[in-house]
Amino acid sequence: MTNKLFIPGPTEVRKEVLDELTHPQIGHRTKEFTELFGSLKPGLKKIFCTENDVLISTSSGSGFWEASIRSCVNEKVLHAVNGAFSKKWASVSERCGKKVERIIFDYGKAVKPEVIDDALSKGNFEVFCMVHNETPTGVMSDLDVISKVMEKHPNVLWFVDAVSSIGGIKIETDKLGIDICLASVQKAIALPAGIAAASISSRSYEKAKNVEGRGYYFDVLELKKYYDKDMTPYTPSIPHLYALKKQIERIEKEGLDNRFKRHKEMASFAREWAKKNGFEMFSEEGYHSDTVSCIINNKKDVDFKEIKRDMAKKGYSIDSGYREMNSKLEEEGKNPTFRIAHMGDLTLDEIKEYTAELEKYWS
Ligand SMILES: Cc1ncc(COP(=O)(O)O)c(C=O)c1O
């Protein structure tokens, strides 16, 4: 039996999308390919709310962490760190040989504008990087307020990891002025992992022209050269592109606004459900995510690791909290967390069915 995925990525992929992966193969230097690739552009731009290019890489989302840093930073980058993935991105920048400064927020807290403003005023940074939706903690930072800060620092590029938000949460890339907005497809876009997408502003391309050592695979200028010809520099995962085409059609059929609304409804149901069952949210009030709820397990006799094993026997693949974070919380004598993922193509009814099943473990 294959379990239905209720985890915060990879998410459940509907059968008609999975079926596209078996499409007969085509060469990547053919007319069929350029037609396929070109057909993806308008839909991706709508999902990212942008007129910028939305590049596709055959990698997971982390590939675009590396692409953005290697392509657009000569020396110095500022990272907001408020969770496991923003921490990792900062370390990737260091591994790429860049000078990194971190503004650290406690896990569970959002990125706050004042400290960023202060750091950018002092630091002579080329780029500011942050994660919009920290999947392990369920914290969604406010991009509107950060955007106001970035307006005060027009020479600094702004890169946003929207890995677990794009496709489920509206991010107005152009209105906000995000230079690189990057996403994995196996989260709210609900495709199998294997490709990633990122919107790139023209000033990011301009900056890249003056950066040495961009490499090849993740050089945004190399990707752009081929993007303009409806191609990729290398052989991409063509099955994923067929699946993406199908998924864009499905997303357009649902309507983007309806999709965002569905995510909000599922999120607010999950939060209410948590409260009704005597739990508290781990994420800071006012910054709860629309795609994943991180909840403190304050019930001493309820073990989500055991529940996870048992639920798997019933056909549900569920989350018992982000392992590294839970270990740290437990070491500190605090309660661990668990997450209700409500992203991608899951429906409110499916979330209701799954949470009703969970409740049986304590009621
Ligand atoms: C917020 C965030 N950023 C980055 C990543 C890494 O993405 P990928 O595994 O697609 O490289 C993840 C993965 O869960 C994530 O949740």
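Q: What makes up the accessible surface of the protein, and how much of it belongs to carbon and sulfur atoms?
A: In this predicted model, the accessible surface comes to about 15500 Å². Carbon and sulfur atoms account for 49% of that area.

Q: Why is the protein called as compact as a globular protein of its length?
A: Start with the parts: there are 14 helices and 14 strands. The radius of gyration is 20 Å, and the globule rule gives 21 Å for 363 residues; those values are close, so the protein counts as compact as a globular protein of that length. If you want its extents, the C-alpha trace spans about 60 × 55 × 30 Å along the principal axes.

Q: What share of the 363 residues is buried, and what makes a residue count as buried?
A: The cut-off is under 20% relative accessible area. Buried residues make up 59% of the 363.

Q: How do you know what share of contacts joins residues at least 24 apart?
A: Take pairs with heavy atoms within 4.5 Å, and keep those between residues at least 6 apart in sequence. Of these contacts, 71% join residues at least 24 apart.

Q: Where do the domains run, and how many residues does each put into the contact?
A: The domain assignment gives domain 1 as 4–8 + 255–359, and domain 2 as 15–253. Their contact takes 24 residues from domain 1 and 35 residues from domain 2. Taken over C-alpha atoms, the domain centres are 26 Å apart.

Q: How many positive and negative side chains are there, and where do the centres of the two sets lie?
A: Counting Lys and Arg as positive and Asp and Glu as negative, you get 55 positive and 56 negative side chains. The centres of the two sets lie 1 Å apart.

How values were computed: Residues are numbered from 1 along each chain as its sequence is written. This is a predicted model: local features need pLDDT of at least 70, side-chain atom pairs count only at pLDDT 80 or more; totals for chains, interfaces and linings use all residues. Side-chain values use heavy atoms; hydrogens and water are left out. Helices (H or I, at least four residues) and strands (E, at least two) are DSSP runs, numbered from the N terminus. The radius of gyration is taken over C-alpha atoms; the globule rule is 2.2 Å times the number of residues to the power 0.38. Buried means under 20% relative accessible area, exposed over 50%, partly exposed in between (1.4 Å probe, protein chains only). Accessible areas come from the Shrake-Rupley method with a 1.4 Å probe; for residues, only the protein chains shown count as cover. The place of a charge is taken as NZ of Lys, CZ of Arg, CG of Asp or CD of Glu. Domain bounds come from an automatic or database domain assignment.
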